[in-house]
Amino acid sequence: MKRLVLMIAVLVSAVYVGCKQGDGDRCQVNEDCESDICNVAKGTCAPAGGEMEEIDAGVPDGPDAAPDAPSDAPGDV
């Protein structure tokens, strides 16, 4: 009986640990992802057969952009 409980516990833990990440989730190697495609540069799983959407993380510009420093800030010394 103890062996059966131990075997079930090992099986359940192996299934839990063996779960793979979905599209857009964090990864380190291809085996971490359901699609087996890890974009290591971004650290996220890519969809199998398609490109991931790009994140718009550009620097704001134009009249609505906040300045880097106030105009009365001291210059570089």
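These are my notebook entries on what I looked up in one predicted model.

**Entry 1: confidence and overall layout**

I began with the confidence scores, since this is a predicted model. The chain averages a pLDDT of 75, and 57% of the residues score at least 70. I then compared the elements of the chain, and found that the lowest mean pLDDT, 72, belongs to H1, while the highest, 90, belongs to E2. I wrote myself a reminder that, where pLDDT is low, the predicted coordinates should not be read in detail.

For the layout, I noted one helix and two strands, and reading along the sequence I wrote down the pattern α-β-β. I also looked up burial, and of the 77 residues of the chain, 12% count as buried.

**Entry 2: the disulfide of Cys-27 and Cys-38**

How many disulfides does the structure hold? I found two. As a reminder of the chemistry, I noted that a disulfide is a covalent bond between the sulfur atoms of two cysteines.

I took the pair Cys-27 and Cys-38, where the distance from S to S is 2.0 Å. Cys-27 lies in the loop between helix H1 (2-17) and strand E1 (38-39), whereas Cys-38 belongs to strand E1 itself, so this pair ties together parts that are eleven residues apart in sequence. The torsion about the S-S bond of Cys-27 and Cys-38 is about 90 degrees, and therefore I recorded this disulfide as right-handed. Are these two cysteines buried or exposed? I found that both Cys-27 and Cys-38 are buried.

While I was at Cys-27, I also looked at Lys-42, whose C-alpha is 8.9 Å from that of Cys-27, although Lys-42 and Cys-27 are 15 residues apart in sequence. Lys-42 sits in the loop between E1 and E2, and with a relative accessible area of 43% I put Lys-42 down as partly exposed.

**Entry 3: the disulfide of Cys-33 and Cys-45**

Next I turned to Cys-33 and Cys-45, which form a disulfide with their sulfur atoms 2.1 Å apart. The angle about the S-S bond is -85 degrees here, and the link of Cys-33 and Cys-45 is left-handed. Cys-33 lies in the loop between H1 and E1, and Cys-45 lies in strand E2 (residues 44-45), so the pair ties together parts that are twelve residues apart in sequence.

I checked burial for each partner separately. Cys-33 has 0% relative accessibility and so counts as buried, and Cys-45, at 0% relative accessibility, counts as buried too.

What is the pairing when the bonded cysteines of the chain are numbered in sequence order? I wrote it down as 1-3, 2-4.

**Entry 4: the salt bridge and the residues Ser-35 and Asp-36**

I then looked for salt bridges, and the count comes to one. The partners are Lys-20 and Asp-36, with their closest N and O atoms 3.2 Å apart. Lys-20 and Asp-36 both lie in the loop between H1 and E1, so the pair ties together parts that are 16 residues apart in sequence. For accessibility, I noted that Lys-20 is partly exposed, with a relative accessible area of 39%, and that Asp-36 is partly exposed as well, with a relative accessible area of 42%.

I stayed with Asp-36 to look at the backbone, and found that phi of Asp-36 is near 60 degrees, a positive value in a residue other than glycine.

Ser-35 also lies in the loop between H1 and E1. The relative accessibility of Ser-35 is 18%, and buried means under 20%, so Ser-35 counts as buried. I looked up what the side chain of Ser-35 is close to, and found that one of its polar atoms lies 2.5 Å from the backbone oxygen of Ala-46.

**Entry 5: a nonpolar patch on the surface**

Last, I looked at the surface. Which residues form a nonpolar patch there? I listed Met-1, Leu-4, Val-5 and Ile-8, which together have about 450 Å² of accessible area. I picked out Leu-4 from this patch, and placed Leu-4 in helix H1. With a relative accessible area of 48%, Leu-4 is partly exposed. I added a note of care beside this entry, as H1 has the lowest mean pLDDT among the elements of the chain.

Terms used
Residues numbered from 1 in each chain as written. Predicted model: local features only at pLDDT ≥ 70, side-chain atom pairs only at ≥ 80, totals over all residues. Heavy atoms only, no water. Disulfide = S-S within 2.5 Å. Helix = DSSP H or I, 4+ residues; strand = E, 2+ residues; numbered from the N terminus. Buried < 20%, exposed > 50% of the residue type's maximum accessible area, 1.4 Å probe, protein only. Patch = residues over 30% accessible without salt bridge, like charges linked within 9 Å, V, L, I, M, F, W, Y side chains within 5 Å. Areas by Shrake-Rupley, 256 points an atom, 1.4 Å probe, with all protein chains shown as cover. Salt bridge = Lys/Arg side-chain N within 4 Å of Asp/Glu carboxyl O. pLDDT = per-residue confidence, 0-100. Polar contact = N/O pair within 3.5 Å; in protein donor to acceptor, adjacent residues only side chain to side chain.
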